[in-house]
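Work through the exercises below with the sequence and the model open. Each task is followed by a solution in steps.

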There are 2 protein chains.
Amino acid sequence: MSDMVHDDVPTTRTGRNSRRGGGAEARRARRQSGGSAHLRYITRNIPLYEVLSEEGLAIIERNADTLLEEIGIEFRDDEEALALWREAGAEVDGTRVRFPRGLVRELLKTAPAEFIQHARNPERSVQIGGKATVFAPVYGPPFVRNLDEGRRYARLEDFQNFVKLAYTAPAIHHSGGTVCEPVDVPVAKRHLDMVYSHVRYSDKPFMGSVTHPDRAADSVAMAKLVFGDQFVDSNCVLINLINVNSPMVFDATMVGALKVYARAGQACVVSPFILSGAMSPVTVAGTLTQILAEASVGMAFAQLCRPGAPVVFGTFASSISMQSGAPTFGTPEPSLVLYGAAQLARRLGVPFRSGGSLCASKVPDAQAAHESTQTLIPTLYAGVNFALHSAGWLEGGLVSSYEKFVMDCDQLAMMQRFAEGVDLSENGQAMDAIGEVGPGSHYLGCAHTQANFETAFYRSTIADNNSFEQWLADGSQDAVQRANTLYKRWLADYEAPALDPAVDEALQDFIARKKAVLPDGIE
Amino acid sequence: MSDMVHDDVPTTRTGRNSRRGGGAEARRARRQSGGSAHLRYITRNIPLYEVLSEEGLAIIERNADTLLEEIGIEFRDDEEALALWREAGAEVDGTRVRFPRGLVRELLKTAPAEFIQHARNPERSVQIGGKATVFAPVYGPPFVRNLDEGRRYARLEDFQNFVKLAYTAPAIHHSGGTVCEPVDVPVAKRHLDMVYSHVRYSDKPFMGSVTHPDRAADSVAMAKLVFGDQFVDSNCVLINLINVNSPMVFDATMVGALKVYARAGQACVVSPFILSGAMSPVTVAGTLTQILAEASVGMAFAQLCRPGAPVVFGTFASSISMQSGAPTFGTPEPSLVLYGAAQLARRLGVPFRSGGSLCASKVPDAQAAHESTQTLIPTLYAGVNFALHSAGWLEGGLVSSYEKFVMDCDQLAMMQRFAEGVDLSENGQAMDAIGEVGPGSHYLGCAHTQANFETAFYRSTIADNNSFEQWLADGSQDAVQRANTLYKRWLADYEAPALDPAVDEALQDFIARKKAVLPDGIE
């Protein structure tokens, strides 16, 4: 593991740098990951797919306005939030807040349509919004799974491993947040090790803690040690996941974290967490109505805390089995919700978060792959801007899977290639190749094929395309077995990006001081 | 197995009958197949996804015209074909045919934009073209695979099994053609047993033989025994797969079969068979140019044989590994080709065939599922009208897999549900549910949920959504193991649709007379 020291605190802040990781690092990444260096976030050169007409969008918007006006949203255990809403012109009745038609949309006018989330390596900064799609790893699982050990509780070492895998994966643009829950670390101290691991083992952008307002404040403080106080105050360096307790409730924990981040100028993804049939109606249009109302209110509240605070319209929406009540993934109805919610976010003029590689399967089998791809393709085509859970998600989000992580990364890289669209250049048209080869021959050795040999087709890191006989000779491995080999190779080949030792020391010092006073409980 | 006799020779011929299979049969199908009766072909209520601009389409059309004018297409070993082209105004030089710009497009004006392929049960007739998508099973594999036996050569019994599975599957709308090669039957006699099996074990539409003009003629003759001479002459009852020997060659076998079918008024799917990098240039635009040229010429040739003959713009296009030359599936470039070719077919005003559930994997694992879904979703979104290989395809088309067949059927049914789009009715808007439930409660027992309980969400036949503990208690099965159980249940519960005994006798008599004179070689 190399610990080369150089000054890599960002000096350019635009995030628009189009160079890909250069030189030795790029070659190393290419070697490690089957052909490609770190990829910049996706800039879509393909059209959007939309399932709702203007009429459909207008119906849902009207219904959401009715919900907000007549039913309203609860803000529980937070007097300050209620006061802010009263001041803004909403009708507050106990913890229930009702909104005159159009108020929420009006407040959202100060929300930026897109923004840059800065990474400590400026080449890894990402655009959130517009034509950009950013893939981030799974968030939240208390368990991990691999072929060797099966399923067990996650530890800090696993957390660091997933950060390293996300750093290695060319088409993961973001280090994410709780890539798994390090349950061997006390609950009140966990966020410190998580934020530190993202900084120490990656140079991609990352997420802050949302489980307590104090932990959100610690995340901001640590970000300031990396990026500098002034830079953090005027730029987004943290993106944070604020779940709504659907239906129609914001609780004090999430509102508390949202206030900290919004006031610090950091991004909040306001995500109704919905399993249709339980937390929302069983229909697509009904679910979209509730999502629009909930997400809009959360994003508008961020604007009350600090006008101009970066926000993202979030949606985590799947269904339940009406037979067992269990969550299901990769089915048609959540895909329609995903497409519809993306349209509603564009209509509001804010970035959108949803999708990923979701599945209910317990193991990385065909079910896992079917469900994940049935979520991932809509993620890209819908124009999702920030795609959490893009890699590693297993068993309804209870498990971070090592093998599925690298399988998903292969699919992400394919999606990134697809998003480049069709090359219509002269080389792309290939008329010289057609002329050279002619009827009844083949293109294998022609000049055009030779010239485009290296980049012509996406080369999978997981798929076995060999003959049956060769596959037998290679041990008849299925995709999971090959993925097991691949993730271990990625970890073995991992080299940490350089980190300014002064920054490292400041972070470790901050953590030590905090840990000395925080409680040790693991609940 | 029931052999109830009733007159089920079709009496209405429109194929527009919107009733679904009624009564006992429907209930049986619903029971057998996890909740749904036979589904009518898909009528898309969702938008198309398109990757090429008008400018891109014009470039490709211009380049295809140049290819046809300057390079031309080979028609080998068929003097009649060359004479027909000469007469139509093409320039014939040996076996090479060159086409004045616009000639081919002009000839295609007699091709129908859509047509009905009739089934012997009129409720199973399908529309080919327009907003319709028809799913048909895998075509061509010489091997079969299942968990119990592994991989082995296919037999007639397997062929019949796959016909039965396709009959049972709600979202398979078509019985297909060579669902596997019954290699235990002599090559020259095989087509007779195949056509008979489709008629005997299913009442869905099916395909004719294309491996020799005589076998095509036998297929037409057998269809006439089922549907009547006159009906067959004026209606499509067979759809047939005519592959182009890409690049730019039509061989005598395929042209011979095409002539038989086109003159009999039966449908020809003209399909360039392309692995980019071998049979076409390594680029998407170059491949599309060649596909457009080849498919157009084949369809125009059918119009020379019989103006108005139903034709389908076919495309089988994938890529090869530039490292090993092996075919690859589910990668981004073939998806772009699929979307582009669908646009080119619409531009010509003819139906389109492509896609399916293609994969290179040797087993029905995550690789198989990733690759298949990466082909199937584009199949639906591109607006493919006839989707061969929708179920059962494994190992690059060398294997018909029992387990993958039922897995794929689950995915097809999901696609069919997705294609219904978003319900914006009052029930779909669900404002009463939102009003009834309100903040902080749940929708599980509300009146709207109760009213929509049965149909709210697609219910997978393969996925396990239970808790980890329940899944362990159920034996920790993966998707393949569950699929193994399911396909066996489908076969055990299979009941043959009724067949007029006079028709059956006539078919058996025809087959016996033919078999008596055909050779016995198995090559």
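**Exercise 1. One serine in its surroundings**

In which helix of chain A is the place of Ser335(A)? Determine also whether Ser335(A) is buried or exposed, and what Ser335(A) is in contact with.

Conventions: this is a predicted model, in which local features need pLDDT of at least 70, side-chain atom pairs count only at pLDDT 80 or more, and totals for chains, interfaces and linings use all residues. Residues are numbered from 1 along each chain as its sequence is written, chains are lettered from A and ligands numbered from 1 in the order in which they are written, and side-chain values use heavy atoms, with hydrogens and water left out.

Solution.
- Step 1: Ser335(A) belongs to helix α11 of chain A, residues 332-348. Helices (H or I, at least four residues) and strands (E, at least two) are DSSP runs, numbered from the N terminus.
- Step 2: the relative accessible area of Ser335(A) is 7%, so this residue is buried. The classes are buried under 20% relative accessible area, exposed over 50%, and partly exposed in between (1.4 Å probe, protein chains only).
- Step 3: with neighbours within four places in sequence left aside, the contacts of Ser335(A) are Gln374(A), Pro378(A) and Phe418(B). Contact means heavy atoms within 4.5 Å.

**Exercise 2. Relation and interface of the two chains**

Find the operation that lays chain A on chain B, then describe the area buried between chain A and chain B.

Solution.
- Step 1: a turn of 180° with a shift of 0.0 Å along the axis lays chain A on chain B, with an RMSD of 0.0 Å. This is the relation of a two-fold axis. The superposition is by least squares on the C-alpha atoms of residues with pLDDT of at least 70 in both copies.
- Step 2: the residue of chain A that comes closest to the rotation axis is Ala366(A), at 2.1 Å (C-alpha).
- Step 3: on chain A, 111 residues are in contact with 111 residues of chain B. Of the interface residues of chain A, 99% are also interface residues in chain B, so the copies meet through the same surface.
- Step 4: about 9100 Å² is buried between chain A and chain B, and carbon and sulfur atoms give 70% of this area. Buried area is the accessible area (1.4 Å probe) that two parts lose on being put together, summed over both.

**Exercise 3. Salt bridges**

How many salt bridges does the structure hold over all chains, and what is the count between chain A and chain B? Examine one pair that crosses between chains and two that lie in chain B.

Solution.
- Step 1: over all chains there are 56 salt bridges, and between chain A and chain B the count is 4. A salt bridge is a side-chain nitrogen of Lys or Arg within 4 Å of a carboxyl oxygen of Asp or Glu.
- Step 2: Glu333(A) and Arg417(B) form a salt bridge at 2.8 Å, N to O. The pair crosses from helix α11 of chain A to helix α13 (residues 402-418) of chain B. Glu333(A) is buried at 7%, while Arg417(B) is partly exposed at 21%.
- Step 3: Lys189(B) pairs with Asp520(B), with the closest N and O atoms 2.6 Å apart. Lys189(B) lies in helix α6 (residues 187-201) and Asp520(B) in the segment after α19 (501-517), so the pair ties together parts 331 residues apart in sequence. Lys189(B) is buried at 10%, and Asp520(B) is exposed at 54%.
- Step 4: Lys515(B) forms a salt bridge with Asp193(B), with the closest N and O atoms 2.8 Å apart. This pair links helix α19 to helix α6 of chain B, 322 residues apart. Lys515(B) is partly exposed at 25%, and Asp193(B) is buried at 10%.

**Exercise 4. Strand β13 of chain B**

Which strands do bridges join to β13(B), and how many residues of β13(B) are buried?

Solution.
- Step 1: strand β11 (residues 238-244) of chain B runs parallel to β13(B), joined by 6 bridges. Two strands pair if DSSP finds at least two bridges between them. Leu241(B) stands opposite Val269(B).
- Step 2: strand β14 (residues 311-314) of chain B is also parallel to β13(B), joined by 3 bridges. Here Val269(B) has Val312(B) as its bridge partner.
- Step 3: in β13(B), residues 267-276, 9 of the 10 residues are buried, so the strand is largely enclosed by the rest of the structure.
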